[in-house]
Structures are given as C-alpha cells and as structure tokens.
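Q: Could you walk me through this structure, starting with one residue and then moving out to the cores and the helix packing?
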Amino acid sequence: MGKIYNSITELVGNTPLVNLHRFSEQEEAKGNILGKFEYFNPSGSVKDRAALNMILQAEADGILKPGMTIVDYTSGNTGIGTATFANAKGYKYVAIIQPGVSQERSQILKALGATLLQVADVPGFLDIIKTGLSQEGLNTFMTAFAKSKGWFYINQCANPANPNAHINSTGPEIWNDTDGKVDYVVALVGTGGTLAGLEKYLRGKNPNVKIIGAQPAKQSLKDPAFPERNTIDGVLPFNGVPDDKVPTLFKNMGTVYDECIEVIAEDAYETGRKLVATEGFFVGQSAGAALWAATQVAKRPEAAGKNIVVILADNAYKYLSTNMYK
C-alpha cells in the first residue's frame, strides 16, 4: 500500500521537474529547459507553499488563533491557496481582490467560501491606489484595516514565511532533483517571495547559480487607458522601478538577481500554446512568460548543456476567459 495522507496540507510540495525535450527541440534551445510544474500543488499554484507556511508560522507565533479570520490583498493565487488551507484549518478568509484579475480566480475563491471584497468596498483603499500603491503603503493600510476588524493580516508582500517556504521546500526540491546540477533559475515576480527564497537557498549551495527574473514589458502592463490590451496576470515589474515599488521581500532578504528579462504578453501566450501543443502541459500566463524567458536563455551559446530550471506557477484553467486560449 502506498502512503496515505492525513490532510491536504501534507500534499504541498514535491512538484515534478520535467525535462521539456520536444519543446526545447522545437525552439532550437542549446540548454536543457527543466519545468517545475507548480500546478500539482493542492489548489493549483506555487502560492500554496507560501500560503500554508504563512499560516503555520502565524500559528506557531501565537498570532493566529482558532476561529480567527484571515485577510489579504491578492491577485488570486495566494488568495486561493490561503482559502484552501484556511478551510482545512478552520479559519475564515477575506480576500480583497486586485483589479483586473481573471473571472475564474474570483469564481474559485467564491467556491472555496471566501468573502470577496473589491477595493471600493474598503473605506480609504481607493485613495491610496490613486496616490500610487507602494508595498509599504499597502502594508500600513492593511495592518490598520485588519486590526480594526480583529482579523489577521497575512501580509504576503512582507511576511518572511513567504520566501522561507521556498528556502525550506522549493529550493531543496530543485537541488535534489537535479543532483545539484542547476545552472540557471528563471521565475516571474509578484511579491518576490519565490525568487527571494530560491536565490537565498540555491546561492547557499552554489554561488554560481544564475538567478533570472522576468517581468511584463511596459506594453503588457495593466493600464485603465488601454483596457483591451493583453497583460500577464498576477505579476509585477521589479527591475527599473522606483524604490517604493521594489518588492519588500527583496529588500528584507538582500536578494541579488543576475538579470531581468522583459516579456511581451503575446509572446507569453504563444509560448504557453506551443507548450501544450508539443508536450501536453496546459499552463497559465505567467508560466508562459517564464518559459519564454527561459527559452531565450537556453538559446545562448554559453547555456549549451546547462540546466535551466523555470518555475511554472500555475495551469491555464484560471485563464480560459482571457485572450491566451481564445
């Protein structure tokens, strides 16, 4: 008899690392592209790791107590993960939804029993958005809002348990699955927790590992003036931005990355469609963007024979209403 799991929380981590042979051959890549398929986590994304670890750490610290309500500002995946584990552990969850997320993410959160609030539902929130939403400003506002309600603000953008999840699980998985032969890691950035945690762990094992972040190109960022433009959902620019837009976790962790690659949404979408056509893996927008960036690295002469691990954050089922798979 195989292992019998006692709860959903035991299923987080140990996601597969897959050598994408056929895709790499079609792209004429010189390096080996190894996809870390994070949608095998229970709620379907890499954010399960951070969500569970933040809850467990808050319990251990005594600041999250039985019967409490958890609240966060989320683009969807962290909220979905938090709602999943809140249910498993008996907490209520309130998600303040970032504008413009795919309708599937909101539907999933509702199905999980989360209470959904739009920014307009929270007194004062629209005002801080109008003045330019920094992570520090968000954290100050949300901390006060949660305190006024008696809720626990999970604070994914500054909570050290977010990157620690990747120091404790994702990084060791990659290292062990490659027998320590990892040369590049490629990921997109939302809170910065994934890249910060991977940089800390993998550079501790091998200082020569190249850490590469990818971000949406300017023409692929959300803009109310261009509501029909294609964007890459759930991620943010982090390179070449004002200091107050640099991820707090990067600052707190002293994260140093080697390169930032900008990705146009149309390239991300097309890469995702190529992957499902060649390998059968059905990935989301940020995964398509990360894979496009990894492919550019893999085509370089210096990457020949090297292992390029790319974090594929989630699957495409949350994006069926978007232009990616229409």
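The chat below takes up a single threonine, then the nonpolar cores, then two helix pairs.

Q: Before we start, what kind of model is this?
A: This is a predicted model, in which local features need pLDDT of at least 70 and side-chain atom pairs count only at pLDDT 80 or more, while totals for chains, interfaces and linings use all residues. Residues are numbered from 1 along each chain as its sequence is written, and side-chain values use heavy atoms, with hydrogens and water left out.

Q: Okay, where does Thr 78 sit?
A: Thr 78 lies in helix H3, residues 77-89; helices here are DSSP runs (H or I, at least four residues) and strands are too (E, at least two), numbered from the N terminus.

Q: Is Thr 78 buried or exposed?
A: Thr 78 is buried, because its relative accessible area is 4%, and buried means under 20%, with exposed over 50% and partly exposed in between (1.4 Å probe, protein chains only).

Q: And what does its side chain make a polar contact with?
A: The side chain of Thr 78 makes a polar contact with that of Gln 156 at 3.0 Å. A polar contact is a pair of N or O atoms within 3.5 Å; within protein, one must be able to donate a hydrogen and the other to accept it, and residues adjacent in sequence count only if both atoms are side-chain atoms.

Q: Switching topic, how many residues does the largest nonpolar core have?
A: The largest nonpolar core has 36 residues, and Leu 20, Ile 232, Leu 291, Ile 308 and Val 310 have the most contacts inside it. Such a core is a set of buried Ala, Val, Leu, Ile, Met, Phe, Trp, Tyr and Cys residues joined through side-chain atoms within 4.5 Å.

Q: Which elements supply at least two residues of this core?
A: Among them are strand E2 (32-37), strand E10 (307-312) and helix H11 (285-298), and H11 gives the largest share, eight residues.

Q: Is there a second core, and what does it include?
A: A second, separate core of 25 residues includes Ile 55, Ala 83, Ala 86 and Phe 152.

Q: Back to H3, how do H2 and H3 cross?
A: The axes of helix H2 (residues 47-61) and H3 come within 8 Å and cross at roughly 45°, which makes H2 oblique to H3. Axes are lines fitted to C-alpha atoms, for helices over the stretch in contact, and angles run from 0 to 180 degrees between N-to-C directions; under 35 degrees counts as roughly parallel, over 145 as roughly antiparallel, 65 to 115 as roughly perpendicular and the rest as oblique.
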